Amino acid sequence: MKLVIHSKNIEITDAIREYVHQKIEKAASHFQSITNEVDVHLSVARNPRINTRQAAEVTIYANGSVIRAEESSESLYASIDLVADKIARQLRKYKERRQDQKTQPQPTEVVVAESVVPDLIGDRTPELPNEVVRTKYFSMPPMTLAEALEQLQLVGHDFYMFRNSETGEINVIYERNHGGYGVIHPRNGNGHTNGKNGKSSHNNIVMPEKSHSK
């Protein structure tokens, strides 16, 4: 299992490196058969308006899927402990979901909305940095809406960008403020989507209830 450590505003000492390997390798020890690579990003946020926060982010690439967890606290070692526990739970859920799909695959019902929602952030106030502070690159293999939703739940974000296997377009699936999920499609110059059958550029996704709790 390949483990790579990145850092920002912090020096990676031998003690920190050894602690990361100890905790993260232990968390993924029962899932090495599905784990291809592990990226660990350690950082310290230096903001005079808030207390110094030390964050640990773990991204695991497992059989074409991306599993992510992030934790922060006033102690880097505590953050590593927290994120190790969290990524272990994420891996366990991922493996259980894969096993459930092999035995009893659950269909996904997609309901096409009648109009495009103009505001995606609702009551939240956007806070954008003055400059680009981080750039990420990742492969984007074609996937279905159901597979994209699974990836959204694994990475821990409130949105996920993917290439739709049915249309070949880049879509974004996101969590809606009032429950459920939405999908954003690109539209061409005449105001219609490029998708099949003239589908709307915004979908609601209704998932079947899970038999097990988070």
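## What counts here

A salt bridge, for this report, is a side-chain nitrogen of Lys or Arg within 4 Å of a carboxyl oxygen of Asp or Glu. With that in hand, Arg68 and Glu70 qualify: their side chains come together at 2.3 Å, N to O. Keep in mind that this is a predicted model. Searching the whole structure turns up four salt bridges.

## The network around Arg68

Arg68 and Glu70 don't sit on their own: Glu57 joins them in a network of salt bridges. How accessible are the two partners in the 2.3 Å pair? Arg68 is buried, at 9% relative accessible area, because the cut-off for that label is under 20%. Glu70, on the other hand, comes out as partly exposed at 36%.

## Strand β4 to helix α2

Next up is Glu71, which pairs with Lys86 at a closest N and O distance of 3.7 Å. Glu71 belongs to strand β4 (residues 65–73) and Lys86 to helix α2, so this bridge ties together parts 15 residues apart in sequence. Glu71 is partly exposed at 22% relative accessibility, and Lys86 is partly exposed too, at 28%.

## Helix α1 to helix α2

Which residue does Asp81 bridge to? The partner is Lys23, and the closest N and O atoms are 3.7 Å apart. Since Asp81 is in helix α2 (residues 76–103) and Lys23 is in helix α1 (residues 14–27), the pair links parts that are 58 residues apart in sequence.

As for solvent access, Asp81 is partly exposed at 26% relative accessibility. Lys23 gets that label as well, with a relative accessible area of 25%.

Methods:
Residues numbered from 1 in each chain as written. Predicted model: local features only at pLDDT ≥ 70, side-chain atom pairs only at ≥ 80, totals over all residues. Heavy atoms only, no water. Helix = DSSP H or I, 4+ residues; strand = E, 2+ residues; numbered from the N terminus. Buried < 20%, exposed > 50% of the residue type's maximum accessible area, 1.4 Å probe, protein only.
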